Amino acid sequence: MLAGVAGVAALGALGTAGCSRVPAASGAGGGDLLDRLRAQGVVRLGIAGEIPFGYIDRNGELTGEAPELAKVVFKRLGVDRVQPVPTEFGSLVPGLNSQQFDVVAAGMYITPERCEQVVFSDPDYQMLDSFIVRRGNPLGLRDYRDVVAKKARFATGTGYAEIRYAVEAGYRESDILIVPDQVAGLNAVEAGRVDVFAGTALTTREVVRKSATAEATEPFAPLVDGEPHVDGGAFAFRRTETKLRDAFNAELHALKRSGELFRILRPFGFTEAEMTDLTAKELCGG
């Protein structure tokens with residue numbers, strides 16, 4: 001994670017409302033997008049329809065940890081309104097760079113590959129992985145090495161970072177069952193089609209709450225190049241817009257210091273364990 005989930009079709013007419021393009025950003029001196037957003041009074045947020053990170057609720061309202069945080073930060077930056085631009089997760093970075101929206105607000109994981117295409121704010125949360133398994137965890141699956149050793153039938157979501165972690169542990173990518181999201185993953189485990197579904201610790205623990213036959217395992221850090229790895233989710237900006245990124249970071253850090261960041265994220269299932277001092281530079285590999 002964060003890799004995207006389908007579900008964009010359910011967003012209805014809001015998808016078409018966000019299809020118009022914004023003016024191209026100036027690359028001079030870090031960009032002038034923040035000034036233009038202040039003049040317009042609205043910022044367009046790219047979201048991927050994933051609960052709890054950024055989605056449209058049953059009342060047709062934009063919510064999720066990233067949009068709610070964006071509302072607070074951009075208000076402090078002098079931009080009063082946010083407007084959702086729903087798209088598929090895999091289209092977020094291309095959509096950002098083709099001017100379809102101003103910022104990605106989808107809880108996107110910072111990865112070195114993505115850092116070559118966009119600039120990230122510092123992460124507003126960190127996240128470990130977890131599995132959905134049958135109650136009692138009959139195969140004793142606690143990390144990706146267990147999945148490989150037990151020859152477990154393994155599933156994860158479309159575009160999820162967990163694909164990479166399983167492959168790094170030795171699981172054949174062609175043997176992975178790819179499903180749209182964590183709900184489909186829970187259904188696959190409950191129906192016995194797979195032994196395990198991998199996702200973020202937050203999404204797995206939330207989706208199993210009402211399940212009578214499945215549970216979430218204890219969170220764990222996947223191994224990357226043999227070392228435990230903790231992911232961090234953040235906002236993404238075009239590489240020309242470092243002034244906006246820096247201004248966003250300044251407000252984000254103030255919210256962290258005051259404790260308000262946790263108050264914003266807590267209603268979406270985040271705990272103190274998911275608060276972080278990681279930086280984008282660290283997660284970009286620089």
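Strand S8 and strand S11 (residues 196-200) run antiparallel and are joined by five bridges. Helices (H or I, at least four residues) and strands (E, at least two) are DSSP runs, numbered from the N terminus, and two strands pair if DSSP finds at least two bridges between them. The model is a predicted one, in which local features need pLDDT of at least 70, side-chain atom pairs count only at pLDDT 80 or more, and totals for chains, interfaces and linings use all residues. Residues are numbered from 1 along each chain as its sequence is written, and side-chain values use heavy atoms, with hydrogens and water left out.

A good place to begin exploring is S8 itself. Within S11, Gly-199 is the bridge partner of Ser-130. S8 also pairs with strand S12 (residues 214-216), in the antiparallel sense and over three bridges; there, Arg-134 has Ala-214 as its bridge partner. S8 (residues 129-134) is mostly covered, with five of its six residues buried, where buried means under 20% relative accessible area, exposed over 50% and partly exposed in between (1.4 Å probe, protein chains only).

The wider picture is an open sheet of five strands with mixed pairing, in the order S10-S9-S11-S8-S12. Strand S10 (177-179) and S12 are the edge strands, each pairing on one side only. On average, neighbouring strands of this sheet are turned by 25 degrees against each other, direction ignored; axes are lines fitted to C-alpha atoms, for helices over the stretch in contact, and angles run from 0 to 180 degrees between N-to-C directions. Strand S9 (residues 154-157) pairs with S11 in the parallel sense over three bridges, and Ala-155 stands opposite Phe-197 in S11. Helix H7 (residues 161-168) packs on the sheet and touches S8, S9, S10 and S11, contact being heavy atoms within 4.5 Å. The direction of H7 makes about 150 degrees with that of S9. Helix H8 (residues 182-190) packs on the sheet too, touching S8, S10, S11 and S12, and its direction makes about 35 degrees with that of S8.

Aromatic rings complete the tour. Rings of Phe, Tyr and Trp (its six-membered ring) pair if their centres lie within 6.5 Å; planes under 30 degrees apart count as stacked, over 60 as edge-to-face and the rest as tilted. By this rule the count is 13 aromatic pairs. One of them, Phe-131 with Phe-220, is edge-to-face, at 5.0 Å centre to centre and 65 degrees between the planes. Phe-131 lies in strand S8 and Phe-220 in the loop between S12 and strand S13 (223-224), so this pair ties together parts 89 residues apart in sequence.
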